[in-house]
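User: Hi, could you walk me through a protein model I have just opened? I am new to this, so plain sentences would help.

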Amino acid sequence: MILSSKGSKVLIVSDIHNESDKLRKILKEESADITISLGDYWHSFHKNTDLDVKKTCLLYNELVDKPNFVNLWGNHCCAEIYPNEYTLCSGFNPRKRTITETFLDFKAVEKTKWHCFLDDFLLTHAGLSPHFLPFNAEINIEWLDNWLTREGEKATIALKTSQSHWFFRAGMARGGNQIVGGLNWLDFNDEFVDIEGLPQIVGHTYQRIGKVRAVGKSFCIDTQLNQWVTITNKKLEIKSFKDL
């Protein structure tokens, strides 16, 4: 999927982790034309009651069904929706999974994507490492979009059939068996490499100071929703929850 911010305000958020009320306030205040979520709705160390899980499911159903909302897979989303030996990660709770089974609209899940492009930026949950690029890779949006779409189709089949795919395998920095993490597991602090000609916006790696971190022309926005970005006519702005 290739999107443009020309004439539109695009809101990009990531790593909700059951902060459904916080996200609702951001959505209301920004009132964006297009919203892109980089995933990870569930699993939290401080908002983890049954009600928190239920509210997250209901918000997920509401958002993913909107035509101007783009939803990407996060590693915690994979674990919560398709729990198996290849997707499980910290925070998964079998008992709370029964709440998800009850309240989540699994038909809405089918609209979830692995990546999208916005202007010159590649958006994924954790980032694309040059380690995985084919030897004949072209650093242009059309080629990369086609390649990632094909790989995404394979990843979706693997996800649904409890098989493995590099998209949702962790690298050694996160205790995995790949050299570096895939689209859902690449560690921004220890594994990410800014690819020339391919700026990225990702989440996944929590920035403990609560601020968006830049590496080259790429950004990690996992800040527990303390910050996020908007892009309008290719102009990127970092916004803060404390300013709302």
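Analyst: We can begin with the whole chain and then turn to single residues, keeping in mind that this is a predicted model.

User: Okay, how many helices and strands are there?

Analyst: The protein chain has six helices and eleven strands. Its radius of gyration is 17 Å, which is close to the 18 Å that the globule rule gives for 244 residues, so the chain is as compact as a globular protein of that length.

User: And what box do the C-alpha atoms fill?

Analyst: Taken along the principal axes, the C-alpha atoms of the protein chain fill a box of roughly 45 × 40 × 35 Å.

User: What share of the residues is buried?

Analyst: Of the 244 residues in the protein chain, 56% count as buried. The protein chain exposes about 11,100 Å², and carbon and sulfur atoms supply 51% of that area.

User: What about contacts between residues far along the chain from each other, say 24 or more positions apart?

Analyst: If we take the contacts with a separation of 6 or more, residues 24 or more positions apart account for 63% of them.

User: Switching to charges, how many positive and negative side chains are there?

Analyst: There are 29 positive and 31 negative side chains in the protein chain, and the centres of the two sets lie 5 Å apart.

User: Now some single residues. Where is R97, and is it buried or exposed?

Analyst: R97 sits in helix α4, which covers residues 94–103. R97 counts as buried because its relative accessible area is 10%, and the cut-off for buried is under 20%.

User: What does the side chain of R97 have beside it?

Analyst: A polar atom of the R97 side chain lies 3.0 Å from the backbone oxygen of I81. Setting aside residues up to four places away in sequence, R97 touches E80, I81, P83, F92 and F106.

User: F103 is in helix α4 too, right where I was looking. Is F103 buried or partly exposed?

Analyst: F103, which is also found in helix α4, counts as partly exposed, with a relative accessibility of 31%. Apart from residues up to four places away in sequence, F103 touches K54, C57, L58 and N61.

User: How far is F103 from F92?

Analyst: F103 and F92 are eleven residues apart in sequence, and their C-alpha atoms are 17 Å apart in space.

User: Let's try a loop. Where is G74, and what does G74 touch?

Analyst: G74 is in the loop between β4 (69–71) and α3 (75–81), and G74 counts as buried at 0% relative accessibility. Not counting residues up to four places away in sequence, G74 touches L38, G39, D40, H125 and N184. G74 and L38 are 36 residues apart along the chain, while their C-alpha atoms are separated by 6.6 Å.

User: Which residues have a positive phi although they are not glycine?

Analyst: D15, with a phi of about 55°, and L225, with a phi of about 65°, can both be named here. As background, most residues other than glycine have a negative phi.

User: Where are those two in the chain?

Analyst: D15 lies in the loop between β2 (9–13) and α1 (20–30), whereas L225 lies in the loop between β9 (218–220) and β10 (227–232). D15 is buried, with a relative accessible area of 1%, and L225 is buried, with a relative accessible area of 1%.

User: What about a residue in strand β2 itself, such as V10?

Analyst: V10 is found in strand β2 and counts as buried at 0% relative accessibility. Leaving out residues up to four places away in sequence, V10 touches several others, including S5, I34, I36, L118 and V229.

User: Last one: which side chain does H115 make a polar contact with?

Analyst: The side chain of H115 makes a polar contact with the side chain of D145, at 2.8 Å. H115 is placed in the loop between α5 (106–109) and β5 (116–118), and H115 is buried, with a relative accessible area of 4%. Beyond its neighbours within four places in sequence, H115 is in contact with residues that include M1, L72, L122 and D145.

How values were computed. Residues are numbered from 1 along each chain as its sequence is written. This is a predicted model: local features need pLDDT of at least 70, side-chain atom pairs count only at pLDDT 80 or more; totals for chains, interfaces and linings use all residues. Side-chain values use heavy atoms; hydrogens and water are left out. Helices (H or I, at least four residues) and strands (E, at least two) are DSSP runs, numbered from the N terminus. The radius of gyration is taken over C-alpha atoms; the globule rule is 2.2 Å times the number of residues to the power 0.38. Buried means under 20% relative accessible area, exposed over 50%, partly exposed in between (1.4 Å probe, protein chains only). Contact means heavy atoms within 4.5 Å. Accessible areas come from the Shrake-Rupley method with a 1.4 Å probe; for residues, only the protein chains shown count as cover. Lys and Arg count as positive and Asp and Glu as negative; His and the chain ends are not counted. The place of a charge is taken as NZ of Lys, CZ of Arg, CG of Asp or CD of Glu. A polar contact is a pair of N or O atoms within 3.5 Å; within protein, one must be able to donate a hydrogen and the other to accept it, and residues adjacent in sequence count only if both atoms are side-chain atoms.
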